[in-house]
Amino acid sequence: MYKVVIDKNEIARIINEKIRDKKLKFTKYYDYGIDKRGIIHEIVVEIFPKFEDIFAVEIKTLKSGDTRYELFYKIDKVTSFSIATIPKEKELIIVHAIKYQRDLSK
């Protein structure tokens with residue numbers, strides 16, 4: 001089960017409580033995924049802290065019991081980007097990054 005948050009105040013709360021100021025840890029699945037999709041790691045690192053560009057957060061409870069927060073960024077009129085994260089106590093696990101050649105905010 002998952003829910004999508006689009007309220008700007010709720011997105012800001014999630015970012016401040018779960019995402020901001022944590023050490024990033026990238027999974028092997030992330031490395032495989034960006035390579036398969038032709039995404040450059042430095043672009044993901046550049047986009048990630050632009051929290052003001054986030055228009056939605058998808059929250060999903062995983063089978064492991066962890067909660068995944070997928071951050072959806074609006075890059076320009078025709079490009080969106082998502083970065084899936086799992087917050088831990090002091091680090092933020094980056095699961096995958098996907099570039100969409102369409103505006104998902106609509």
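The following legends describe close-up views of a predicted model.

**View 1. The aromatic pair of Phe 48 and Phe 51.** A search of the whole structure finds three aromatic pairs. In the pair formed by Phe 48 and Phe 51, the ring centres are 5.4 Å apart and the planes stand at 80 degrees, so the arrangement is edge-to-face. An angle over 60 degrees counts as edge-to-face. Phe 48 is buried, with a relative accessible area of 9%. Phe 51 is buried as well, its relative accessible area being 14%.

**View 2. The aromatic pair of Phe 55 and Phe 72.** The rings of Phe 55 and Phe 72 form a tilted pair, 6.3 Å from centre to centre and with 45 degrees between the planes. This pair links distant parts of the chain: Phe 55 belongs to strand 3 (residues 54-61) and Phe 72 to strand 4 (residues 67-76), 17 residues apart. Phe 55 has a relative accessible area of 16% and is buried. Phe 72 is also buried, at 12%.

**View 3. A nonpolar patch on the surface.** Tyr 2, Val 4 and Ile 6 make a nonpolar surface patch of about 340 Å². Of these residues, Val 4 lies in strand 1 (residues 2-5). Val 4 counts as partly exposed, at 48% relative accessibility.

**View 4. Salt bridges within helix 1.** Side chains of opposite charge can pair when their charged atoms come close. A search of the whole structure finds seven salt bridges. One of them joins Glu 10 to Arg 13, with the closest N and O atoms 2.5 Å apart. Glu 10 and Arg 13 are three residues apart in helix 1 (residues 8-19), and are therefore separated by about one helical turn. Arg 13 also forms a salt bridge with Glu 17, where the closest N and O atoms are 2.6 Å apart. Glu 17 and Arg 13 are four residues apart in helix 1, again about one turn. Relative accessibility is 24% for Glu 10, 36% for Arg 13 and 48% for Glu 17; each of these residues counts as partly exposed.

**View 5. A salt bridge between two strands.** Glu 91 and Lys 25 form a salt bridge in which the closest N and O atoms are 4.0 Å apart. Glu 91 lies in strand 6 (residues 91-100) and Lys 25 in strand 2 (residues 23-26), so the pair ties together parts that are 66 residues apart in sequence. Glu 91 is partly exposed, at 27% relative accessibility, and Lys 25 is partly exposed, at 44%. Elsewhere, salt bridges that share partners join Glu 10, Arg 13 and Glu 17 into one network.

How values were computed
Residues numbered from 1 in each chain as written. Predicted model: local features only at pLDDT ≥ 70, side-chain atom pairs only at ≥ 80, totals over all residues. Heavy atoms only, no water. Phe/Tyr/Trp six-rings, centres within 6.5 Å; stacked < 30°, edge-to-face > 60°. Buried < 20%, exposed > 50% of the residue type's maximum accessible area, 1.4 Å probe, protein only. Patch = residues over 30% accessible without salt bridge, like charges linked within 9 Å, V, L, I, M, F, W, Y side chains within 5 Å. Areas by Shrake-Rupley, 256 points an atom, 1.4 Å probe, with all protein chains shown as cover. Salt bridge = Lys/Arg side-chain N within 4 Å of Asp/Glu carboxyl O.
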